[in-house]
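Me: I would like to learn how to read a protein-DNA model, one feature after another. Could we start with the surface that faces the DNA?

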Protein chains: 2
Amino acid sequence: MAARNPRHDRESVTDVALSLLDQVGLPDLSMRRLAAELDVQPSALYWHFANKQELLAAVADRIVGQIPQRSADSSDAATRLLLTARSIRDALLAYRDGAEVVQSTAALRLGATRATEIIQDAILDAPLAPDVRSDVADAVLQFILGHTMLLQQRMHAASHGADAGDESPFADSSSRVFDTGIALFSAGIPLSAALRSAQSPA
Amino acid sequence: MAARNPRHDRESVTDVALSLLDQVGLPDLSMRRLAAELDVQPSALYWHFANKQELLAAVADRIVGQIPQRSADSSDAATRLLLTARSIRDALLAYRDGAEVVQSTAALRLGATRATEIIQDAILDAPLAPDVRSDVADAVLQFILGHTMLLQQRMHAASHGADAGDESPFADSSSRVFDTGIALFSAGIPLSAALRSAQSPA
DNA sequence: ACCTGAACACCGTTCAAGT
DNA sequence: ACCTGAACACCGTTCAAGT
């Protein structure tokens, strides 16, 4: 009934890891459980990946790989940034605990390059020096990750621990906070050309 | 040599947990190791706390409890917000993995109340409707948490895995990105009075 | 009230050995 | 090249029982 021979490689293991993540969440995504899903001993995984962190990095790459290159060629800068930011958030929301997985591996690749590049593209016409632009892109990405992690944790907390009769309507309020945050960034960008002269007050 | 009798309560356990966190980091802060530090069996901890999550929530409360009420009564709104944001970041940086601990428990208390209130105080004079103000405060806090978590992970990654001769000068660039992010929020706030009419373009 | 002892059902990782 | 088997050093949590 079951095939023998090579069976798995890095890609197929990552496939199953990603779908297992979505089913059970990051806390229950163990090497042993993943091995069981693949009909393999836990030690077999260490032929394909050096350790769990490397596996999770591959999973994270799959998630950020599904961010669309350019979400829309909208006319004004503000809505272009908003649409880009939303498409990144939605890619993270597409898998359970997606934001946390990406965040935890973002520390290694110095700068979560792909996502940052897409944001930089979205603010290309802003009157910013290149180095300031990359700072702005980093800040926007950090907001997106912080926001989405909190949202996914609340989704998880709400699903198996109905704290106090709360009907958990935070999906609406969350996307309101998200849009507000991005709008504030947008509004601030044109004013931040004069950002280098007035240096830190403390 | 060692005392007998009651020995510990919620407070003293939290004390030791906090200092152990700072010494070994969140991944190595286990119930068993904490128990060893307290000269007690692991099961003893479950008389004081229902589970590990509840213990970590107490630790998180201690960390946010050390955010100063009002960092400074500066004249202009922009520097007041910047100083407040920095004082929150610095409280998180005061303990190893402080941001992650606070973030992971922030999901339960719907709204990390104390920190959000302090931010709301700092933008009290901005021309914003109360509900918009609280959205802005949430967004700022989510940026602070996202930024600080990434920074602390990089500090940890750099300390025991010198990736490629990089002299890890990201302390400077991080605080530059942080200041940029907060400055953008500040600059955007006065312009976001007209934020409710133009509703989402998608 | 506060803690021990022992157990249950798990972890990530290593390494010799198989095919 | 890819995987098994067995082991090592851990986890969080429960629960009867002690004092």
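Me: Into which classes do the residues of the surface near DNA strand D divide?

Reply: In this predicted model, the residues of the surface near DNA strand D divide into six nonpolar, seven polar and four charged. There are 17 residues around DNA strand D, and the closest are A:P6, A:R7, A:Q41, A:S43 and B:R32. In terms of elements, α3 (45-48) of chain A and α2 of chain B each supply at least two residues of this surface.

Me: Which part of DNA strand D belongs to the atoms within 4 Å of the protein, sugar or phosphate, or bases?

Reply: Of the atoms of DNA strand D within 4 Å of the protein, 56% belong to sugar or phosphate, and the rest belong to bases. Individual atom pairs then show each kind of partner. The side chain of A:R7 places an N or O atom 2.6 Å from a sugar or linking oxygen of DNA strand D, while the side chain of B:R32 has an N or O atom 2.6 Å from a base nitrogen of that strand. For the phosphate, a backbone N or O atom of B:K52 lies 2.9 Å from a phosphate oxygen of DNA strand D.

Me: Which residues come nearest to DNA strand C?

Reply: Of the 17 residues around DNA strand C, those that come nearest are A:R32, B:P6, B:R7, B:Q41 and B:S43. Sugar and phosphate make up 57% of the atoms of DNA strand C that come within 4 Å of the protein. By class, the surface near DNA strand C has six nonpolar, seven polar and four charged residues, and α2 (31-37) of chain A and α3 of chain B each supply at least two of the residues on that surface.

Me: Which residues have polar atoms at a phosphate oxygen of DNA strand C?

Reply: Among them is A:S30, whose side chain has an N or O atom 3.0 Å from a phosphate oxygen of DNA strand C. A polar backbone atom of A:M31 is 2.9 Å from a phosphate oxygen of this strand, and from chain B, a polar backbone atom of B:H8 is 3.2 Å from a phosphate oxygen of DNA strand C.

Me: What rotation superposes chain A on chain B?

Reply: The general idea is that two copies of a chain are related by a rotation about an axis and a shift along it. Here a rotation of 180°, with 0.0 Å of shift along its axis, superposes chain A on chain B with an RMSD of 0.0 Å. That is the relation of a two-fold axis. Of the interface residues of chain A, 100% are also interface residues in chain B, so the copies meet through the same surface.

Me: How many helices and strands does chain A have?

Reply: The secondary structure of chain A comes to nine helices and zero strands, so the pattern along its sequence reads α-α-α-α-α-α-α-α-α by the way helices are assigned. Of the 202 residues of chain A, 47% count as buried. Among contacts in chain A between residues at least 6 apart in sequence, 70% join residues at least 24 apart.

Me: Where does A:L81 lie, and which residues is it in contact with?

Reply: A:L81 lies in helix α5 of chain A and counts as buried at 2% relative accessibility, the cut-off being under 20%. Leaving aside neighbours within four places in sequence, A:L81 is in contact with A:I119, A:A122, A:I123, A:I182, A:S186 and A:I189.

Me: How do I read one helix, and what covers the buried residues of α1(B)?

Reply: One can take the span, then the buried residues, then their cover. Helix α1 (residues 10-24) of chain B has 15 residues and reaches 21 Å from its first C-alpha to its last, close to the 21 Å expected at 1.5 Å a residue. In α1(B), the residues B:V13, B:T14, B:A17, B:L18, B:L20, B:L21 and B:V24 are buried, and what covers them includes α2 (31-37), α3 (45-48), α4 (52-64) and α6 (98-106) of chain B. Just after α1(B), B:G25 takes a positive phi of about 85°.

Me: Which residue other than glycine has a positive phi, and is it buried or exposed?

Reply: One of them is A:D97, with phi near 60°, found in the loop between α5 (77-93) and α6 (98-106) of chain A and buried, with a relative accessible area of 9%. In chain B, B:D97 has a positive phi of about 60° although it is not a glycine, and B:D97 counts as buried at 8% relative accessibility.

Technical notes:
Residues numbered from 1 in each chain as written. Chains lettered and ligands numbered in written order. Predicted model: local features only at pLDDT ≥ 70, side-chain atom pairs only at ≥ 80, totals over all residues. Heavy atoms only, no water. Helix = DSSP H or I, 4+ residues; strand = E, 2+ residues; numbered from the N terminus. Expected span 1.5 Å × (residues − 1). Buried < 20%, exposed > 50% of the residue type's maximum accessible area, 1.4 Å probe, protein only. Contact = heavy atoms within 4.5 Å. Near = heavy atom within 4 Å. Polar contact = N/O pair within 3.5 Å; in protein donor to acceptor, adjacent residues only side chain to side chain. Nonpolar A, V, L, I, M, F, W, Y, C, P; charged D, E, K, R; others polar. Least-squares fit on C-alpha atoms with pLDDT ≥ 70 in both.
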